[in-house]
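Here are my notes on this one, as numbered points. Have the viewer open while you go through them.

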Amino acid sequence: MLDDSSTRLILIAVGLALIFGLVETYNGTIPKILESVTSTTQASIPVEHTAYAYSADGTDRFSTINPNLNLMNFKTNLTVGKYLDWLSGVKMTNNVSRATFDYISVIPEKTYTINSDWDKTSAFSIFAFTDKTDAQATYIHDGPSKMWISLSISGGVNTKTTFTIPEGIHYIRMSYLSVNGTNTLTLNDLLNSETKLEEGSTATTWMPSASEVQDSDYPTYVGTYTDHNQSASNDPTKYTWKKRG
């Protein structure tokens, strides 16, 4: 027969086993229960999705993102018929098929995206400056490597490109080269190319700059629908479209 001391030890061992068992159950089961409850709760909360377009059926320039304004100004910061020297980014040279967008203000370490109708655009040269008074550019952006490099004739982008502004850089200048390198480039050609620079990593629908934009440039229609998915559909027929007020 067990004495009192042995009985107490057995009871303590059983109690500890029960405690450890409960802790293990809690650690393994409770998080799964909470995860399940969270997922179920999220799935039951209605989510309203919004999209933007330029037609009543939502098919013209449909986007789930309200377009950003263009950082490229086609009136005050544009010189048609000249391009920036590859090895300085400052000297301008005459060329009828090129144009230069001058000293666009940017924020160091921010991300920007440039896009264009690449059927009408051959390439861009993008030069980085610390200040407008710099004797030459600090960097040129190299499209293939997606890096800022020392001034070189190899720099340039010819596809939608996202880049981060280097520390200390406050301005960029850009040279535009049209697809046809012999035809005389016009302002209308540039507008038709729908070239756009904007903050962020997403290329949104083309828009003019803040000083050029008019009410008619914004998407004409806004579409909405509600479901329980976090992701919005890219199908315009899912949305109910209303003319923007």
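1. Start with Thr195, which sits in the loop between helix H2 (187-192) and S10. Keep in mind that this is a predicted model. Is Thr195 buried or exposed? Its relative accessibility is 0%, and buried means under 20%, so Thr195 counts as buried.

2. What does Thr195 touch, leaving aside its neighbours within four places in sequence? The contacts are Asn70, Met72, Phe74, Asn115, Ser116, Thr121, Phe124, Tyr176, Leu190 and Trp206. Two of these names are worth holding on to: Asn115, since strand S4 covers residues 111-115, and Trp206, which comes back with the pocket.

3. On to the strand that follows this loop. S10 belongs to an open sheet of 3 strands, in the order S8-S4-S10, with antiparallel pairing. Strand S8 (161-164) and strand S10 (196-199) are the edge strands; each has a single partner strand, so one side of each is left without a neighbour in the sheet. From one strand to the next, the twist averages 20 degrees.

4. If you want to check the register, look at S4 against S10. The two pair in the antiparallel sense over 4 bridges. Ile114 has Leu197 as its bridge partner in S10.

5. Now the pocket. The largest one has a volume of about 250 Å³. Which of its lining residues lie nearest the centre? Those are Glu194, Thr204, Thr205, Trp206 and Met207, out of a lining of 16 residues. Trp206 is thus on that list and is also a contact of Thr195.

6. For anyone thinking about the chemistry of that lining, the residues of the largest pocket divide into 5 nonpolar, 5 polar and 6 charged.

7. There is also an open sheet of 6 strands, ordered S2-S3-S9-S5-S6-S7, again with antiparallel pairing. Its edges are strand S2 (78-84) and strand S7 (147-149); each of these has a single partner strand, so one side of each lacks a neighbour in the sheet. On average, neighbouring strands here are turned by 40 degrees against each other, direction ignored.

8. Last, the S7 end of that sheet. How many bridges join strand S6 (residues 139-142) to S7? There are 3, and the two strands run antiparallel. One pair to click on is Asp142, whose bridge partner in S7 is Met147.

How values were computed:
Residues are numbered from 1 along each chain as its sequence is written. This is a predicted model: local features need pLDDT of at least 70, side-chain atom pairs count only at pLDDT 80 or more; totals for chains, interfaces and linings use all residues. Side-chain values use heavy atoms; hydrogens and water are left out. Two strands pair if DSSP finds at least two bridges between them. Axes are lines fitted to C-alpha atoms, for helices over the stretch in contact, and angles run from 0 to 180 degrees between N-to-C directions. On a 1 Å grid over the protein atoms alone, a cavity is a set of points where a 1.4 Å probe fits but cannot get out, and a pocket is an open set with protein on both sides within 12 Å along at least five of seven lines; lining residues have an atom within 4 Å of a point. Grid points are joined across faces, edges and corners, and a volume is the space filled by probe spheres set on the points. Ala, Val, Leu, Ile, Met, Phe, Trp, Tyr, Cys and Pro count as nonpolar, Asp, Glu, Lys and Arg as charged, and the others, Gly among them, as polar. Buried means under 20% relative accessible area, exposed over 50%, partly exposed in between (1.4 Å probe, protein chains only). Contact means heavy atoms within 4.5 Å.
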